[in-house]
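Q: Please take a close look at a single part of this structure. I would like to follow one stretch in detail and then see how the rest of the chain relates to that stretch.

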Amino acid sequence: MRKITHERAMFLERTYAELRLYFECYEVIYSRPCIRLIKLIVKHLLHELYLYEKERINSLSKAGKLTPKEAVRLRAKNKKTYLCHFVKMED
């Protein structure tokens, strides 16, 4: 697996926020195949962000900057934030 840098993660977060803005605020209408493709891109972005945060938490835990209890709490929060997110877009 390739290493995920902080700059890349920030770029993915901005891209995801822009895609959501187009659908929620501007109600941009796309064709069905285009909507499916955008959903796939958003899910991929969320997964990449999850992996980046997971790696960051693991490195902090190994360095001793987090207690095991804090690490478990942060991992659960990370999983809830990025993996339990359903993309709501009109079909």
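A: Start with Arg56 and Glu53. Both sit in helix α2, three residues apart, which is about one turn of the helix. This is a predicted model. In the model, Arg56 forms a salt bridge with Glu53. Their closest N and O atoms are 2.9 Å apart. The count of salt bridges comes to one.

Now compare how far each partner is covered. Arg56 has a relative accessible area of 34%, so Arg56 is partly exposed. Glu53 has a relative accessible area of 18%. Buried means under 20%, so Glu53 counts as buried.

Stay in the helix. Helix α2 covers residues 32–62. Ile57 is found in α2 as well. Its relative accessible area is 2%, so Ile57 is buried. Look across from Ile57 to Leu74. These two residues are 17 residues apart along the chain. Their C-alpha atoms are separated by 7.3 Å.

Next, move to Leu40, another residue of α2. Leu40 has a relative accessible area of 55%. Exposed means over 50%, so Leu40 is exposed. Leu40 also belongs to a nonpolar surface patch. Leu37 and Ile41 make up the patch with Leu40, and its area is about 280 Å².

What about the inside? In soluble globular proteins, nonpolar side chains tend to be buried together. Here, the largest nonpolar core has twelve residues. Among them are Leu12, Tyr16, Leu19 and Phe23. Ile38, Val42, Leu45 and Leu46 are also included. So are Leu49, Tyr50, Leu51 and Tyr82. Two elements give two or more residues to this core: α1, which covers 6–24, and α2. Helix α2 gives the most, with seven residues.

One of those core residues, Val42, can be paired with a residue of another helix. Ala17 is found in helix α1. Ala17 and Val42 are 25 residues apart along the chain. Their C-alpha atoms are separated by 9.6 Å. Ala17 has a relative accessible area of 44%, so Ala17 is partly exposed.

Tyr82, also in the core, leads to the next helix. Helix α3 covers residues 68–82 and has 15 residues. From its first C-alpha to its last, α3 reaches 21 Å. That is close to the 21 Å expected at 1.5 Å a residue. Its buried residues are Ala71, Asn78 and Tyr82. Seen down the axis of α3, these buried residues fall within an arc of 25°, so they line one face of the helix. The face turned away from that buried side carries exposed residues. These are Lys69, Val72, Arg73, Lys77 and Lys80.

Finally, step back to the whole chain. The protein chain has three helices and zero strands. Read along the sequence, the pattern is α-α-α. The chain has 91 residues, and buried residues make up 27% of them.

Return to α2 with all this in view. Helix α2 holds both partners of the salt bridge, Arg56 and Glu53. The exposed Leu40 has its place in this helix, and the buried Ile57 is found there too.

Technical notes
Residues are numbered from 1 along each chain as its sequence is written. This is a predicted model: local features need pLDDT of at least 70, side-chain atom pairs count only at pLDDT 80 or more; totals for chains, interfaces and linings use all residues. Side-chain values use heavy atoms; hydrogens and water are left out. Patches are made of residues with over 30% relative accessible area and no salt bridge: like charges are joined within 9 Å, nonpolar side chains (Val, Leu, Ile, Met, Phe, Trp, Tyr) within 5 Å. Accessible areas come from the Shrake-Rupley method with a 1.4 Å probe; for residues, only the protein chains shown count as cover. A salt bridge is a side-chain nitrogen of Lys or Arg within 4 Å of a carboxyl oxygen of Asp or Glu. Helices (H or I, at least four residues) and strands (E, at least two) are DSSP runs, numbered from the N terminus. Buried means under 20% relative accessible area, exposed over 50%, partly exposed in between (1.4 Å probe, protein chains only). The expected span of a helix is 1.5 Å times one less than its number of residues. The arc is that of the directions from the helix axis to the C-beta atoms. A nonpolar core is a set of buried Ala, Val, Leu, Ile, Met, Phe, Trp, Tyr and Cys residues joined through side-chain atoms within 4.5 Å.
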